[in-house]
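Please explain how the terms applied to charged side chains in this model are justified.

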Amino acid sequence: MPYDTFTELEAAYNIVQEKWFQGNLIGAYNDLYEIFQYRLLHSQLTDADLKIIQSLADLAGIFGNFEAADNLLRAAINLYEQRKSEYWADYARLRLIQISIDKGDLNQAQNLLLEMSPRIGDINNIQFALPSLLQWESGCIWSDANSEKRTVLFAELYLAMGRLLASLGQYAEALISLKRGLYYAQGEDIQNIPSLALQTFFPLKLNIASALLEKGEFDRADNLLWESQIQLNQTQHPEYQIRWLELSGKLNLLQGNLGEGLKKFQQVEKLCRQLRSPRAMLRAKLNLVHILIQLNQTSAAQNYLLDTQRDALKINDSTLVSRADLLLQLCNARSNSPVSSISVTGMSKKISDEQPLTKAKLKLDLSNQSSNYLAWFEDRALAFQLLLSELKLDDASNLLEHINKVFEYTDSQVVKIRIRVLSATLVYYQGTNNNNLKQIEKAHLILSKICLKLELMGLKPELWQVQRIMIWCRTRLNYSPAAVEALTLSANQLLEQITITLPPTEQVFYLLNKWTADEEYIASQINQLSRLKLRLNRVNLFQRLWLRFQLIRRLNFLVEYIDKYKDALAKRTTKPERTIDKILPSKSFWLRFIAHPKDRITLMFLILPDRILIIKTGLFLFDFNVIPTTRIKVRNCVKQWYDCIQGFDGYRDIGVGNNLNYNQKMIAVSQVGQDVTENLADMLDLPKILQQLPKRIRALTVIPDDILHGFPFAAITYKNKYLIQTYAVSIAYELKSKSIKPLSSPRKQALVVGVSKQIQQFQALPGVNRELEQVVQWLKNNNIYFQLLANNSATKTAIVEKLSQANLLHIACHGTFEPNQPDKSGLVLISDSGQKDILSLRQLSEIDLRGLRHATLSSCWSADHFILPGRWIISLPETLWRSGTQSILGCLWEVSDKVAVSFMSKFYHYLEKFPRDRALRRTQLDCLNNQLPNCDGLDTSNPFFWAGFCLYGDYTFLNVGNKYKF
């Protein structure tokens, strides 16, 4: 199609605009490229071509097609200069400057401006003050430019100079330039503004907002963005909406409003995907990744980054490739060691280069300049954090020196104060590494001065980090407990303000590597124990015995503290109005040493941000191991298992074994489960621990922590056998024996509850009725008096009344969980009329259940544990246990009706002859050996069917019926 005449060109451009406004930016760009290429080869360029040039440059920046657009615009400049058209040549040159800045080639942008010096003079001599600019403008001469054309050129020229100055960190001058450009873009009479100048209006406003944001004037930036949003709703340019969302998201992140920032960048990603813009999409992914890393969602971030690296190479964008590589290294390091949160006592001894968790050699490419000055700085700050995470303090010091030189002349308050934070952080690390209290005191002094400035600027995340380091400083400098506690309270309140902006599910991830005061205290005790343990092998026999005594005594105190710590976390969730009990004096550790069952070992886990503590207790055994792995890494490992079974979870009617797709999925579940359990076992050093156990050990009690509450320990393999093939496995919540005196019941009775009805999101549970029939029959066979509450009769009032009188509970119904809302989390009760009610965790926690010897939780939710912000664990088994229930049987996920009903029946059968943990083990072995009755057509040897069943609490005999006393 020819584009020779003005009419043909205008018609083609109208089609381009229509595609553009419909969101078909690729179609618009391809048409513009074809039109301009034709015009260069076959026609004489005119004023009408300037719209094509402007639009082509804008879209080239979005799509990253810099080379092609660069070639076309240079060809246009040459043609215009051959025809002695200064105006047209400089307009094309100014559009080429925009492309140069977009791709981060600031030298090319400066050189292009210098090419214009015969018309505008030397840009290095321009004084950015209004009187000087007015004088400079009067001296700018284009021989073929009238007043309208001068308006267009000055709007473009001030936009280019403003962007270039902002890219160099000179924000005050950039703002003067951009605001002067805005004068030409909107003028006093908008009706008489040339259309080419009008089209710079939004780019100018958004660049002003960007300069204000990066300079640190957040309120002014926020006001301008709010004003621009109203105007943007009236435009059909999605690229401006993307830029607005990026700026708004960044502003929210800087001020600690992480939830809104995350939402904005997710919207950016969605818009870029709709526009099918490769470069914009990659840039959006990198911005989103930066937030995901902050939120500790490293698995998702790694997936994004690997895709981004590959796609950035395809479009030959070295800047994006370099940034993706840097973020990927940070992401990998964050998975293995907490970059921004190292315990105060974790820096108490020098660590050699061979010791850091991140073993891959760090390679940083910081050579690429970015068009975004703040992002350019943040890349270097991330690299600095990477070096600190590996304790490469000399390299970190060299990088900081480089940062100071590169960013010395910026007027960005954000960059300046962040550099001061980096400097003080390095001083603290150097002080702790060399045990130099003067350096630590110096770091504290610098940070104290920074705090007020950060607070005034509203940089909450930065302020929180500074306060945390100050707490570490005060601890090392032996400040009074009151001084440390006051700052700790302030830091925790600030962290809560930041965290509450996130959705509940994101809050948990964000807090993964954030140290609480309790955790820092526990970490300090672990370090002391570790140093004491190292000394054992360096002293004579007499001293060794004394040190061993001291080690056991201190370990016993730590165990008491951890039990209290976990109890306090649980009570904060379900009973927030209660005050936290003071830590009681340690009980005699001799009881732990000699009173433990001889055939059982107890393994207690505590997962801290940068390590796992494992305490081993048995007859004449009381010891500990410290595993150098992170909370993030453990969670990511366990998450792989739940990602695999997600398609099955929540449906009791699964298990139709003749479905080919189903069978394939079950094979995949088994394979993934084996990989995950092997990885986690190695991570927890379980093979070594199990190998050291005496041969007499036949039972394991596991006290999980954090995500391990949701891990099926029974499925761990050791010496090619599942753990349950060698040991009976039970779960506990504390290492100490439960000191609750059971209430005597006037009558031995059981409560059986079942709700099978369907309502809204809760499906019908058809297997409940058959399950209740079998439970009732077992109770009758053992002469146990029972009360049955099913469907309509299973009201909250009836259950609460009967539950406090029951010795045995079996309940089958739906459960629901609402993060941070124990009042809305619990058992779902549905009447015949379809009315729904919740027997909440908080209500269950207020019932005295000391008379309840055992509870079986069947159906959905069951033994699932939810980790809330602040590491609070919320679950039905723990709520019942802490209310007095001796033992609870539940399942971590849903299995089929066939298996659930038969499993419960077998478990009750074995309860008549064996202790509770061995009854569970025998039932699981029946599953493993495909000997579970009424399960024809199912391969129940798959761990999916049996590994999720867990026994919590008391593992001893449950004496039932008249033959056995309750």
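The following questions and answers concern salt bridges and the accessibility of their partners.

This is a predicted model, in which local features need pLDDT of at least 70, side-chain atom pairs count only at pLDDT 80 or more, and totals for chains, interfaces and linings use all residues. Residues are numbered from 1 along each chain as its sequence is written, and side-chain values use heavy atoms, with hydrogens and water left out.

Q: Why is the contact between arginine 310 and aspartate 311 called a salt bridge?
A: A salt bridge requires a side-chain nitrogen of Lys or Arg within 4 Å of a carboxyl oxygen of Asp or Glu. The N to O distance for arginine 310 and aspartate 311 is 3.5 Å, so the pair meets the definition.

Q: What makes arginine 310 count as partly exposed?
A: Buried means under 20% relative accessible area, exposed over 50%, and partly exposed in between (1.4 Å probe, protein chains only). Arginine 310 has 42% relative accessibility and therefore counts as partly exposed. Aspartate 311, at 21%, is partly exposed as well.

Q: How do you know that aspartate 599 and arginine 918 form a salt bridge?
A: Their closest N and O atoms are 3.2 Å apart, so the distance criterion is satisfied.

Q: Which residues are linked in a network of salt bridges?
A: The network comprises Glu81, Asp90, Arg93, Glu115 and Arg119. The structure holds 35 salt bridges.

Q: Are arginine 635 and aspartate 706, which meet in a salt bridge, buried or exposed?
A: Both residues are buried, and their N to O distance is 2.6 Å.
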